[in-house]
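Student: I would like to learn how to read a protein model, feature by feature. Could you walk me through one?

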Amino acid sequence: MSKRLKVLVLGAGGREHALCWAAAKSPRVAEVVCAPGNGGIAQVARCVAVDGSDLDAMVALVQAEAPDLTVVGPEVPLALGLVDKLEGLGLRVFGPTRAAAELETSKAFAKEFMQRNGIPTAAYTICDSLDAVKPELPKFSAPVVVKADGLAAGKGVVIAATLDEAEEAAAAMFSGELLGEPARRVVLEEFLEGEELSFFAVCDGKHAIALAAAQDHKRIGEGDSGPNTGGMGAYSTDALLPDSLRHWLTANVAQKVVDGMAAEGRPFKGMLFVGIMMVPRDGAIVPMVLEFNTRFGDPETQALMMRLESDVIDVFDAAIDGTANKLKVTMKAGASVCVIAASAGYPGKYSDGKAISGLEADTKNEVMVFHSGTAAREGAIMTAGGRVLGVTAVGDDLRKALERAYGRLDGISFAGMQFRRDIGWRALGG
Ligand code: AMP
Ligand code: GLY
């Protein structure tokens, strides 16, 4: 066997815990390092401190650790150009360059790219001032979607019930009141109704290969009520991505992205995460792209990594080496689900430092408790974030996976713990 690898994962959430766990299982891997990691990740990787918003610090850390492979979890390091820097140093890294990550970091770029490349998406207008918004709004019918250009950690999208509300939202974006800094551009978009789907494709600059699909649950409350969050739970089943849809999304979305980005001099390598609305139209279901993310999703990754039978390192290698067309990805048949346990108050203000009980090591491969926001202190695991844990399980079907995940969650507690009891409700006909 060739040399066993040292793998470095950048990030600190449940997504990174799942990626570290999958990497640690690979027979090709000798050591997993995570920067900065968290209390749970420390059980499967050596955690080293780093500020994930400091480009020079991250580059210095990767140079000091000298891993065989670096995997970038969150979007901020991508937006800062970490991949460009590491590639410039001749290092192997999974993730897109800064120019390729614009698919996620600029909603205006993404919309214009989709239009240029014939990728189905909602009708839109890009405005660079509030004065430009006013005459455009009457062309839309309410509700209308207002999006700030640029990364906004999930807070940059407002679904306005009336045109007046849309104008107020745009005003708050341009003034800086909504996001702390003024938006330079705002996208107005037609509102689409339907079921959302997260579609994941591995891309190597030339080829796009479908990995799997999942459904996230973004609202804090049951029945999709209340404010948006980073994601309160996700499930993945074969039924979410029948072969016909897999082929359609690969050909009409993912491969068009890869071809278009290559033609525009920004070859796309890494994970393409397409947010889709399945819109019912004339008796058929039409998939429309809501957004692109240029990284793994959280909590989708927790559910996907537990279904992945292939070696995750082979997936990373194929993207880096331009051999994704030869990649055979196998997923466990059936279902997986990740249920997020969050702090009281999330997605608003919450406090850290609550002791978590019931975290004994899981001995079966059917359930895993991935940590989203925890810290190890004096031998105990404490809450350290809005989303705290992602209890994840596989099963022959969704019901079985849900039974295992909720069964495990029932044994876990911390002060103020909140979670949704209805993850997967749409698939169960709820
Ligand atoms: P985005 O960051 O663009 O994915 O938007 C965040 C969330 O807003 C999506 O997951 C959808 O739930 C919702 N959303 C975005 N665009 C639209 C749209 N055109 N119609 C309806 N909902 C949307
Ligand atoms: N689950 C949504 C995201 O990762 O952006």
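Student: How many helices and strands make up the secondary structure of the protein chain?

Tutor: Happy to start there. This is a predicted model, and its protein chain has 12 helices and 21 strands. The radius of gyration is 21 Å, close to the 22 Å that the globule rule gives for 430 residues, so the chain is as compact as a globular protein of that length. As for its extent, the C-alpha trace spans about 60 × 45 × 45 Å along the principal axes.

Student: And what share of the residues in the protein chain is buried?

Tutor: A residue is called buried when its relative accessible area is under 20%. Here, buried residues account for 55% of the 430 in the chain. You can add the surface to that picture: the accessible surface is about 17400 Å², and carbon and sulfur atoms contribute 50% of it.

Student: What percentage of contacts between residues at least 6 apart in sequence join residues at least 24 apart?

Tutor: In this protein chain, 68% of those contacts join residues at least 24 apart.

Student: Let us turn to charge. How many positive and negative side chains are there, and how far apart are the centres of the two sets?

Tutor: There are 44 positive and 55 negative side chains, and the centres of the two sets lie 4 Å apart.

Student: Now the rings. How many aromatic pairs are there?

Tutor: Two rings pair if their centres lie within 6.5 Å, and by this rule the count comes to 7 aromatic pairs. One of them is Phe94 with Phe316, a tilted pair with 4.8 Å between centres and 55° between the planes. This pair links distant parts of the chain: Phe94 belongs to strand β5 (residues 93–94) and Phe316 to helix α11 (residues 312–321), 222 residues apart.

Student: Are Phe94 and Phe316 buried or exposed?

Tutor: Phe94 is buried, with a relative accessible area of 3%, and Phe316 is buried too, at 1%. Phe316 also has a second partner: its ring centre is 6.4 Å from that of Phe296 and the planes are at 90°, so this pair is edge-to-face. Phe296 sits in the loop between β16 (284–293) and α10 (300–307) and Phe316 in helix α11, so the pair ties together parts that are 20 residues apart in sequence. Phe296 is likewise buried, with a relative accessible area of 2%. Ring pairs thus connect Phe94, Phe296 and Phe316 as a cluster.

Student: On to the backbone. Which residues does a cis peptide bond join?

Tutor: For this feature, look at omega. A cis peptide bond joins Ala142 and Pro143, with omega about -5°. Pro143 is in the loop between α7 (130–136) and β7 (144–148). Asp298 and Pro299 are also joined by a cis peptide bond, with omega about 25°. Pro299 is found in the loop between β16 and α10, and Phe296 lies in that loop as well.

Student: Which residues have a positive phi although they are not glycines?

Tutor: Ala66 is one of them, with phi about 45°. Ala66 lies in the loop between α2 (55–65) and β4 (69–72) and counts as exposed at 51% relative accessibility. Asp224 also has a positive phi, about 60°. You will find Asp224 in the loop between β12 (219–221) and β13 (225–228); at 24% relative accessibility, Asp224 counts as partly exposed.

Conventions. Residues numbered from 1 in each chain as written. Chains lettered and ligands numbered in written order. Predicted model: local features only at pLDDT ≥ 70, side-chain atom pairs only at ≥ 80, totals over all residues. Heavy atoms only, no water. Helix = DSSP H or I, 4+ residues; strand = E, 2+ residues; numbered from the N terminus. Rg over C-alpha atoms; globule rule 2.2 N^0.38 Å. Buried < 20%, exposed > 50% of the residue type's maximum accessible area, 1.4 Å probe, protein only. Contact = heavy atoms within 4.5 Å. Areas by Shrake-Rupley, 256 points an atom, 1.4 Å probe, with all protein chains shown as cover. Lys, Arg positive; Asp, Glu negative; His and termini not counted. Charge placed at Lys NZ, Arg CZ, Asp CG, Glu CD. Phe/Tyr/Trp six-rings, centres within 6.5 Å; stacked < 30°, edge-to-face > 60°.
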